[in-house]
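Colleague: Could you walk me through the empty spaces in this one?
Modeller: Gladly, let me bring it up.

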Amino acid sequence: MRRLTMSNKIGISTNIFKNPANISHVVREISNNFSIIEIEIEKDFRKALDNDMDYWNKQIYELAEIKKQKNLYFSLHAPYLGEMTDISSLNNDIRKKAVNYMIFSIRHSVNLGYKNITIHPGYLYETGTTNKLEYLFDNLCRSLSDITKVTNDLGGNILLENTGNNRPRYIVLDNHHYDYLYNEYGIYVTMDIVHYHSFHHENREDYYHDLEDMIKYVKNAHFNDLRDGKHTHIPLGEGNFQYHQFIEHMTSKGYQGNFIVEETGVGYSAQNYIDASIKYRDSLYEAA
C-alpha cells in the first residue's frame, strides 16, 4: 500500500508554465489532473503583485475559489529572483527590503490557504573576505527570524530550499545549518531532489548520508528527471536519473510529504511535463 500512498502525493508547480500573470487559468488547467499544486510567485505573476494589486487580489480570490471547488491542496513558493529577494545580503538596506518584500508576498497570498511556504536562502556575490558563508548565514538568520514571526502568526511554515550544483550565485548550506535553523527558528526544508543529486551523484557509496540527516526537517520535495548528474530539470522519463528509487528511499525513512514536479528545461513544453508526470503517477497506482 505504500506505493498507492505515494501516488496520492505527486503534485505539480505552476512554474512549468513560466508563471504567466493569469495563474488562476493555469491552476484550473492543472487541476484537471492534479490535486496537489504549488503556486510560485515569479515572472508575470510576480509583476501583478508588484504593480497591479487589484488584479493580484482578483487572482487570489479566483485561486481560492478553484481550491474550494476542486478540493485542492496548495503550497506556496515565494519570490526568489533578483535583489528584491536577497534575504542574506551583506547590504543591510537590501536585506531589510527583501525581508519586507517576502513578508508582503506571503501576507497577500494568505487567502490561498497554504501551510508550507518555500523560500530560497539568498545570493552569493564575489566580495572578497566579506563573502564568507558565516556572514551570509548570520544575515539569513536575522531575516528568517523576522519572517517566521509573521508566518507563524498566519499558521504557516517556512521551508528553506536546498540549492543545486552549477549555480555559483546561490548560497549552499550544509546539514549543520539546517539543524541550527530548525532548532532556533523552526525552519523546515524543501528538498529539491535534482539539486541534491547534482551535488551527490559522484559519491555513490555515501549517496544518501546527508539526506538521512535532513529527512526529519523535510516537509516538501521538488523533483524531476535529469541527465548524468547535471543540474537540469527535464520531464520524468527523459533522463537517466533514478528518481523513483530516491522517492522510495525518502518514504522508507519516514518522509510523508508531497513530491512536486517543478521547473523546466530547454526544449520541453509544459504539456511534456504534465504528460510525463501523469504517466509516472498512474504507474504508481498500477504497481500497487
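Colleague: Which residues lie nearest the centre of the second largest pocket?
Modeller: V172, L173, F199, H200 and D210 lie nearest its centre, among the 13 residues that line the second largest pocket. This is a predicted model, in which local features need pLDDT of at least 70 and side-chain atom pairs count only at pLDDT 80 or more, while totals for chains, interfaces and linings use all residues. Residues are numbered from 1 along each chain as its sequence is written, and side-chain values use heavy atoms, with hydrogens and water left out.
Colleague: What counts as a pocket or a cavity here?
Modeller: On a 1 Å grid over the protein atoms alone, a cavity is a set of points where a 1.4 Å probe fits but cannot get out, whereas a pocket is an open set with protein on both sides within 12 Å along at least five of seven lines, and lining residues have an atom within 4 Å of a point.
Colleague: Which helix gives the most to the lining of the second largest pocket?
Modeller: α8 does, with 4 residues, and α7 (175–185), α8 (193–200) and α9 (209–214) each supply at least two; helices here are DSSP runs (H or I, at least four residues) numbered from the N terminus.
Colleague: And what volume does the largest pocket have?
Modeller: The largest pocket has about 370 Å³, as the space filled by probe spheres set on the grid points. Of its 19 lining residues, N15, Y80, L81, Y170 and E263 are the closest to its centre.
Colleague: Switching to cavities, how many are there of 30 Å³ or more?
Modeller: The count comes to 1, and the largest cavity has a volume of about 40 Å³, with a lining that includes P79, M102 and H120.
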